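The following report deals with strand pairing and helix packing. Please read it alongside the sequence and the coordinates.

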Amino acid sequence: MTRVAAVDCGTNSIRLLVADADPATGELVDLDRRMTIVRLGQGVDRTGRLAPEALQRTFAACREYAGIIKEHGAERLRFVATSASRDAENRDEFVRGVLDILGVEPEVITGDQEAAFSFTGATKELAGGDHLPKPYLVVDIGGGSTEFVVGDDRVRAARSVDIGCVRMTERHLVRDGEVSDPPTEEQIAAMRADIEAALDLAEQTVPLREARTLVGLAGSVTTVSAIAQELPAYDSQAIHHSRVSHDRVREITEWLLRSTHAERAAVPSMHPGRVDVIGAGALVLLSIMERIGAQEVVVSEHDILDGIAWSVA
């Protein structure tokens, strides 16, 4: 076993995994897995820069994670940064801050690298069973971007497109500095058109419709699963490898897009940081399912973070 630490810093959240990895058996044993909503990508789509307050929230989470990594005695650490820090003009400020706190330089990876990590994390434990037909389409709906990966035992094609839940919310559902509560039909239609155009782009590279199993990753998908199961609280074990039908995803998406902030916030499994962006994330998922004719999505709690950990091990 090798004790490793992996940090995934995305547009909406920053996450930590400390685990013991055994490459010989393919086993990854969690010691600590946590997530903090920092909204690093706040305003990036509009300004092209990381906001000072977003950087401070992110650095505060890094300081907390540094203590946890030291406490567990991780031998190796890899810090990966994704969509927001790829897009920002002032990403050097972000890099310096992380280096000062954690002692490693964040790797601002490409969308294709992000997709490969997500595929490994989501499918490594599925590979030993025959219950889910291949090829898989792994879809990682993040805050700034969504990654599409088709593969069986390895990645065949991958593409990242800019339709994350935060980006779609800020681009289409904000008026006068506030998220519409609820959004108008015109706003939803514009967002849907944007998502469809991005799916057209993804299909130029990735044969989405060849997939026989859709695997969905990240907070928008796991939250939809939690709502579908009517969980009294967020429960990773109940969510991991759950299956949600197309009809149920459509029902939930329609409700999320017509509900108010207070109604969404009252959902017991809803993280407070997702209340304003979950409708956009759910619409991305629904649009993908409709595009490829998927009757269900297999939900995975194992994603890019697990893929990063395996790359360290």
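In this predicted model, Val18 of strand S2 stands opposite Asp32 in strand S3, and the two strands, S2 and S3, pair in the antiparallel sense over 10 bridges. S2 also pairs with strand S1 in the antiparallel sense, and in that pairing Cys9 stands opposite Ile14 in S2. S1 and S2 form a hairpin, with 3 residues between them. The two pairings are set out below.

| Pair | Residue ranges | Sense | Bridges |
|---|---|---|---|
| S1 and S2 | S1 residues 2–9, S2 residues 13–22 | antiparallel | 8 bridges |
| S2 and S3 | S2 residues 13–22, S3 residues 27–37 | antiparallel | 10 bridges |

Strand S2 is mostly covered, with 10 of its 10 residues buried. In a regular strand the side chains alternate between the two faces of the sheet. In S2, Ser13, Arg15, Leu17, Ala19 and Ala21 point one way, while Ile14, Leu16, Val18, Asp20 and Asp22 point the other way, and all of these residues are buried.

Turning to the helices, H2 (residues 52–72) packs with H4 (residues 91–102) at an angle of about 25°, their axes being 9 Å apart. Because angles under 35 degrees count as roughly parallel, H2 is roughly parallel to H4. The crossing of H2 and H4 is right-handed. On the H2 side the contact involves Leu55, Thr58, Phe59, Cys62, Arg63, Ala66 and Ile69, which meet Glu93, Phe94, Gly97, Val98, Ile101 and Leu102 in H4. The residues of this contact of H2 with H4 divide into 9 nonpolar, 2 polar and 2 charged.

How values were computed. Residues numbered from 1 in each chain as written. Predicted model: local features only at pLDDT ≥ 70, side-chain atom pairs only at ≥ 80, totals over all residues. Heavy atoms only, no water. Axes fitted to C-alpha atoms, helices over the stretch in contact; angles between N-to-C directions. Helix = DSSP H or I, 4+ residues; strand = E, 2+ residues; numbered from the N terminus. Parallel < 35°, antiparallel > 145°, perpendicular 65-115°, else oblique. Left-handed = near helix turned anticlockwise from the far one by under 90°. Contact = heavy atoms within 4.5 Å. Nonpolar A, V, L, I, M, F, W, Y, C, P; charged D, E, K, R; others polar. Buried < 20%, exposed > 50% of the residue type's maximum accessible area, 1.4 Å probe, protein only. Pairing = 2+ DSSP bridges.
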